[in-house]
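Please work through the following exercises with the sequence and the structure at hand. Each task is followed by a solution in steps.

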Amino acid sequence: MADTLGARVGRIVSGSAHALIDAIEGAMPDAVVQQTLREIDKAVDDVRAELGRTIASKHLANKRLTEQSSRHEELAGQIELALREGREDLARAAVEHQLDVEAQVPVLEATVAEAGKREVELEGYVAALTAKRREMEEAFQSMLLARARGADQAGASTGGVGSDDQPSVARRVENATGAFDRLMAREGAPALGGVEREQGARLAELDGLARRNRVEERLAAIKARAGDKG
């Protein structure tokens, strides 16, 4: 399941949104883009489901590890007590139990570590797929806007822009944006108008700020390493 899911995410993320748009411009782009967005959303759902199972598994293994560690310490105290009381038979039984606990601890630790690693991997899948969806939306919107402007340029060369039988550039762009918003609405994504547009701009600004911070942090780390070597 893990390999299949990883390969599926890799196939989606490695695909070129602009190449797909270019390939379908002469066909039915709305239908193809809808299908692609549904595939991405389904992959996100599957990854999140796997992430939920991984987090649950990690939690249970962590809980069991904590219990076993506590039990090991408790047995150590019981062993000392049994020896003080001259009950070597009880001390021996406690030691045997300790050995059983010690045999389980490495497995539990490995389970927690593997689940943690898998959790990070799956979170990366979600981030990559979400970014891919944004890329697809932006590419499709760019195509619609380019078509609208291209149609107006053609109209200008034959009869003038804004004439009675030719909508203005602004109107065509508005129509293209409306078509994009309707497509996104069908796919469960927010439209680009009104409050949603403002919120989307704020989220995009926040995403850009976070990205710039990551860039600065990485540059600072590289400079620090270079300074240490020097």
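The exercises below treat the nonpolar core and the salt bridges.

The model is predicted: local features need pLDDT of at least 70, side-chain atom pairs count only at pLDDT 80 or more, and totals for chains, interfaces and linings use all residues. Residues are numbered from 1 along each chain as its sequence is written, and side-chain values use heavy atoms, without hydrogens and water.

**Exercise 1.** Determine which helices supply at least two residues each to the largest nonpolar core.

Solution.
Step 1. A nonpolar core is a set of buried Ala, Val, Leu, Ile, Met, Phe, Trp, Tyr and Cys residues joined through side-chain atoms within 4.5 Å. Buried means under 20% relative accessible area, exposed over 50%, and partly exposed in between (1.4 Å probe, protein chains only).
Step 2. The largest core has twelve residues, among them Leu-5, Ile-40, Leu-51 and Leu-122.
Step 3. The helices are α1 (2–14), α3 (29–84) and α4 (88–158), where a helix is a DSSP run (H or I, at least four residues) numbered from the N terminus. Helix α3 gives the largest share, five residues.

**Exercise 2.** Describe the salt bridge that Glu-50 forms with Arg-118.

Solution.
Step 1. A salt bridge requires a side-chain nitrogen of Lys or Arg within 4 Å of a carboxyl oxygen of Asp or Glu.
Step 2. The closest N and O atoms of Glu-50 and Arg-118 are 3.9 Å apart.
Step 3. Glu-50 lies in helix α3 and Arg-118 in helix α4, 68 residues apart. Both residues are buried.
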